[in-house]
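Visitor: I should like to learn how to read some features of a protein model. May we work through one together?

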Amino acid sequence: MRNLNALQHPHQSPQPARFVVTIADHQEEVRACQRLRYDIFTGEMQAQLNTPLEGHDIDHFDDFCDHLYVRDIETNSIIATTRMLTNQAAAKAGSYYSETEFDIKNIISAPSRYMEIGRTCVHPRYRRGVGLQYLWQGVATVMTMRRIQYLFGCVSIPHLQDGAYISGIMRHIRKNHYAPGYLRVTPRTPVAMQTVDDSVPVVMPPLLRTYLNMGALACGEPCLDEAFRVADIFILVDRQKMNKSYDRHFLRGQ
Amino acid sequence: MIVTSCAGSKMRTVNAILRLIFFFLLLCIGLMIAGGMRLLCGENWHGRHYGARIKLGWMRGAAKILGLQIKIHGFPPKNNALWVANHISWLDAVAISAIHPISFIAKADVRNWPIVGLLAQLSGTLFLNRSKRRDVASCLSNARALLASEVGVAFFPEATTTDGRTLHTFKPSLFAAAIPDHPVQAIAMRYHTARDGRHYAPFIGDDKFIAHLWKVLKAPGGTHVDVSFCAPIFGADRKILANRTETQIRALLSIQSSFRIEFATAPNAAHAASEF
């Protein structure tokens, strides 16, 4: 968010932006996003993808989603992507993606404007930098322009053999970021939890940390996603209750 | 601001009358400045350094008096481009001009609006009668000349207003004003409802300027608008430019259309011509 006085003088020297955040408006751009997803999901996360096009992560929902991406102009490559599914689009797709993992009727039964985001990923080289920040700027702009009230989605947590990591994270979440009872979702494949030691500090994955700092709520126990070797946590963001500092942070023009 | 400080309907009327007077005074000042500058500096005064500043300052003053509160998202302009926006109201032009000094291409009717028309003419608005082919050609060459001299040009490719919930197909003809090295940038506009839950911004069909101005001045809580600058695109084919900018605005505002069909059949050239 910027107000007018913060804008620089119009006759400043033109300096092209290094990063562009935009919604894919052409199939070729969607394909590039799907390639980035494929590389990250199969490479780092060693997911087993069942995809119709080699080298691309494609599923049923992709055709109904708007694909938001960040492009680095210097290298002309896509560095971060996410996909957004509005309630109208979800009606056409048959359901939200989250509904394949959770029973979410507590969340979406009230008439409002919803948008699901998912398949978010950032190229490893940009993870410590601006990748996620620019992507969120884009999401926040889309939320504002579309007047979306609730944003939700699944955040994936790497699920190792023993489940200690997810158990530690859930412990922290239940204490600090848990949704009230009427906003709970039920996982279709629950994850077995372990008792974890309080004294061990939890390191949050960046995406989850960003969400929670923004004021997002976790709406219940995670769901196991075997193909992706992850445990998915369902999170919900209410635009009205969005953390104001993050609001500013993400809505500020670049 | 003054707008928010009054509660009752009577107070709002008084407030609106005061602001109407201010607005009228601002128009008169604008006429004097624009007329004077035109005599002193010639037809393109509004594109020069101080002229552009004066125009921007005037527009911001006008936005303030009208109770227009503008939030900017996305990529605010960094250099001069051909801007295209979805069209809801004459307030669109005020909001965009308050962000960046721009010459608008307006329909010829606007010239006949009281005072505003004359002011628009003196401060660089290009008027266009779409039904006259020769008009379009001369308007295009004027727009190209402005762009080449680093003055931003904007127009509304729907050629008519909507209530903001729909979007008409973008007419490609004026996209021919695009020149190399200057991007085309789509601007998505969305107005909030006023505090009483009603929409005062849309200026549709046979609405009269003065009556609409009065409605806007009386809108409880002022008129809030989100202005989002989409990623700039480069290219020369006016049909592809029209198609892509329309798609960008549709996607951002989530206004459905034949989007998927265009999506599937868009020629590969569209992509090649518009790499960032």
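Guide: The turns below take up helix packing, ring pairs, burial and backbone angles, in a model that is predicted.

Visitor: Let us begin with chain B. How many helices and strands does chain B have?

Guide: Chain B has nine helices and seven strands. Of its 276 residues, 54% are buried. Among the contacts in chain B with a separation of 6 or more, 74% are between residues 24 or more positions apart.

Visitor: What describes two packed helices?

Guide: The angle between their axes and the distance between the axes describe two packed helices. In chain B, helix H1 (residues 9-41) packs with helix H6 (residues 209-218) at an angle of about 125 degrees, and their axes are 9 Å apart. H1(B) is therefore oblique to H6(B). The crossing in which H1(B) passes H6(B) is right-handed.

Visitor: Which residues make the contact of H1(B) with H6(B)?

Guide: From H1(B) come B:Arg12, B:Thr13, B:Ala16, B:Ile17, B:Arg19, B:Leu20 and B:Phe23, and from H6(B) come B:Leu213, B:Trp214, B:Leu217 and B:Lys218. By class, this contact of H1(B) with H6(B) has seven nonpolar, one polar and three charged residues.

Visitor: I should now like to understand aromatic pairs. How many does the structure hold?

Guide: Over all chains, the structure holds 15 aromatic pairs. A pair is read from the distance between ring centres and the angle between ring planes, and planes over 60 degrees apart count as edge-to-face. The rings of A:Trp136 and A:Tyr211 have centres 5.1 Å apart and planes at 80 degrees, so this pair is edge-to-face. A:Trp136 belongs to helix H4 (residues 131-146) of chain A and A:Tyr211 to helix H6 (residues 206-214) of chain A, so the pair ties together parts 75 residues apart in sequence. Both A:Trp136 and A:Tyr211 are buried.

Visitor: What are the distance and angle for the rings of B:Trp113 and B:Phe203?

Guide: Their centres are 5.7 Å apart and their planes stand at 70 degrees, so the pair is edge-to-face. B:Trp113 is in the loop between strand E3 (102-107) and helix H4 (116-122) of chain B, while B:Phe203 is in the loop between strand E6 (184-191) and H6 of chain B, 90 residues apart. The relative accessible area is 16% for B:Trp113, which is buried, and 9% for B:Phe203, also buried.

Visitor: Which residues do ring pairs link into a cluster?

Guide: The cluster consists of A:Tyr96, A:Phe102, A:Tyr114, A:Tyr150, A:Phe152 and A:Phe234.

Visitor: Is A:Tyr97 buried or exposed?

Guide: A residue counts as buried under 20% relative accessible area. A:Tyr97 has 17% relative accessibility and therefore counts as buried. This residue sits in the loop between helix H2 (87-93) and strand E4 (102-103) of chain A. Beyond its neighbours within four places in sequence, A:Tyr97 contacts A:Asp59, A:Phe61, A:Arg83, A:Leu85, A:Glu116, A:Arg119 and A:Asp225.

Visitor: Finally, what sign of phi do most residues other than glycine have?

Guide: For most residues other than glycine, phi is negative. A:Arg229, although not a glycine, has a positive phi of about 55 degrees. A:Arg229 lies in the loop between strand E9 (223-225) and strand E10 (230-238) of chain A, and is partly exposed with a relative accessible area of 44%. B:Asp181, likewise not a glycine, has a positive phi of about 75 degrees. B:Asp181 lies in the loop between strand E5 (152-155) and E6 of chain B, and is exposed with a relative accessible area of 69%.

Technical notes:
Residues are numbered from 1 along each chain as its sequence is written. Chains are lettered from A and ligands numbered from 1 in the order in which they are written. This is a predicted model: local features need pLDDT of at least 70, side-chain atom pairs count only at pLDDT 80 or more; totals for chains, interfaces and linings use all residues. Side-chain values use heavy atoms; hydrogens and water are left out. Axes are lines fitted to C-alpha atoms, for helices over the stretch in contact, and angles run from 0 to 180 degrees between N-to-C directions. Helices (H or I, at least four residues) and strands (E, at least two) are DSSP runs, numbered from the N terminus. Angles under 35 degrees count as roughly parallel, over 145 as roughly antiparallel, 65 to 115 as roughly perpendicular and the rest as oblique. A crossing is left-handed if the near helix is turned anticlockwise from the far one by less than a right angle, and right-handed if clockwise. Contact means heavy atoms within 4.5 Å. Ala, Val, Leu, Ile, Met, Phe, Trp, Tyr, Cys and Pro count as nonpolar, Asp, Glu, Lys and Arg as charged, and the others, Gly among them, as polar. Rings of Phe, Tyr and Trp (its six-membered ring) pair if their centres lie within 6.5 Å; planes under 30 degrees apart count as stacked, over 60 as edge-to-face and the rest as tilted. Buried means under 20% relative accessible area, exposed over 50%, partly exposed in between (1.4 Å probe, protein chains only).
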